[in-house]
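Please read the following report alongside the sequence and the coordinates, taking each section with the matching part of the chain in view.

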Amino acid sequence: MEKAKVYFSKEISPEKVLEMYKKLGINLPGKLAVKVHSGEEGNQNFLRPEFWKPVIDDLKGTVVECNTAYPGTRNTTKKHTKLMEKHGWSKVFDVDIMDSEGPDVDLPIENGKHLKNNRVGKHLLDYDSLLVLSHFKGHPMGGYGGALKQLSIGCASSAGKCWIHSGGRTHRQVVVWMMTAPQEVFLECMAEAAGTVVKQFEGKCAFINVMCNMSVDCDCCAVAEDPCMKDIGILASLDPVAIDQACVDLVYKSKDPGRDHLIQRIESRKGIHTIEAAVALGYGTREYELIEV
């Protein structure tokens with residue numbers, strides 16, 4: 001596989017996000033889904049709607065999310081919709097909770113080690129193209145959160161999240177945390193699930209990762225640690241594996257003293273294994289050319 005192009009800018013601003021998207025030279029056709037992280041109530045680190053507004057307005061996209069599989073303010077459509085309003089998403093964008101109504105849709109997984117299908121909200125099929133806007137940071141279970149997590153856990157329905165976390169053993173919220181899969185199995189399931197969304201929008205998806213507010217905790221944490229290292233920049237690519245690999249590499253190359261805390265989180269959860277599993281499935285590469293803008 002040829003090296004992927006990953007564009008990089010040290011400048012972090014709403015206007016720069018749009019500029020970075022345009023560097024990709026892709027036209028995302030038809031009805032566009034824009035995957036964001038709505039941010040759990042109480043989280044201080046998630047990227048607010050205003051930050052993403054220039055690129056979403058320019059592309060006339062619909063902000064999409066899915067319900068969670070753990071207790072909180074996003075595990076039912078009613079609560080999630082209310083939070084989207086509270087956090088300001090619904091005030092400035094059209095918003096779609098993709099699993100707000102059933103039945104969910106199963107996307108087949110070819111050559112999966114653990115899963116035969118990935119369960120997503122049925123509204124995913126309403127869209128022709130996909131833009132994934134990710135806040136790169138740590139994660140208490142996956143080690144890090146970036147494009148691959150947005151494609152997998154992020155696009156899975158509530159039942160689909162249970163399916164991934166349990167390694168294909170249950171779709172039920174009430175029992176999933178008693179049936180959590182071994183760590184490497186969970187990471188491989190994330191990679192398998194992410195691949196189905198890439199295939200669904202093959203040639204019609206793009207990825208932007210923003211490396212700021214980098215805590216060891218995810219935006220899904222109501223109580224999250226404050227950022228542990230300085231902001232690094234914005235990355236854009238058509239390859240979800242390459243963009244995540246580039247972000248991880250930039251963390252390791254950083255001379256910021258806080259990098260060690262984030263690296264410890266990534267390594268303790270074997271986070272790089274999600275990237276390894278995605279490469280093995282053939283929908284991305286770890287080899288990239290970093291093009292500074």
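## A strand pair, E5 and E6

In this predicted model, strand E5 (residues 105-108) and strand E6 (residues 117-120) run antiparallel and are joined by four bridges. Within this pair, valine 105 of E5 has valine 120 of E6 as its bridge partner.

In a regular strand the side chains alternate between the two faces of the sheet. Strand E5 shows such an alternation, with Val105 and Leu107 pointing to one face, where they are buried, while Asp106 and Pro108 point to the other face and are not buried.

## The eight-stranded sheet

Elsewhere, eight strands make up an open sheet of mixed pairing, and their order across the sheet is E4-E3-E2-E7-E10-E11-E1-E12. Strand E4 (95-97) and strand E12 (288-292) each have a single partner strand and stand at the edges, so one side of each is left without a neighbour in the sheet. On average, and with direction ignored, neighbouring strands of this sheet are turned by 25° against each other.

At the E4 edge, strand E3 (residues 62-65) runs parallel to E4 and is joined to it by three bridges, with glutamate 65 standing opposite isoleucine 97 in E4. Helix H9 (residues 240-253) packs on the sheet, where it touches strand E1 (4-9), strand E10 (205-211), strand E11 (233-237) and E12, and the direction of H9 makes about 15° with that of E10.

## Helix H10 and its buried face

Helix H10 (residues 259-268) has Arg259, Leu262, Ile263, Arg265 and Ile266 among its residues, and these five are buried. Seen down the axis of H10, the buried residues fall within an arc of 155°, so they line one face of the helix. An α-helix has 3.6 residues a turn, so residues three or four places apart point the same way.

The cover over the buried residues of H10 includes strand E8 (137-139), strand E9 (143-145), H9 and helix H11 (272-281). After H10 comes lysine 270, which has a positive phi, near 55°.

## Cavities

Searching the whole structure gives two cavities of 30 Å³ or more, and the largest cavity holds about 40 Å³ of space. The lining of this largest cavity consists of Gly142, Tyr144, Gly145, Gly146, Leu148, Lys149, Met190, Asp244 and Thr274. Strand E9 and helix H5 (147-151) are the elements that give two or more residues to that lining; E9 is also among the elements that cover the buried residues of H10.

Note on methods:
Residues are numbered from 1 along each chain as its sequence is written. This is a predicted model: local features need pLDDT of at least 70, side-chain atom pairs count only at pLDDT 80 or more; totals for chains, interfaces and linings use all residues. Side-chain values use heavy atoms; hydrogens and water are left out. Two strands pair if DSSP finds at least two bridges between them. Axes are lines fitted to C-alpha atoms, for helices over the stretch in contact, and angles run from 0 to 180 degrees between N-to-C directions. Contact means heavy atoms within 4.5 Å. Buried means under 20% relative accessible area, exposed over 50%, partly exposed in between (1.4 Å probe, protein chains only). The arc is that of the directions from the helix axis to the C-beta atoms. On a 1 Å grid over the protein atoms alone, a cavity is a set of points where a 1.4 Å probe fits but cannot get out, and a pocket is an open set with protein on both sides within 12 Å along at least five of seven lines; lining residues have an atom within 4 Å of a point. Grid points are joined across faces, edges and corners, and a volume is the space filled by probe spheres set on the points.
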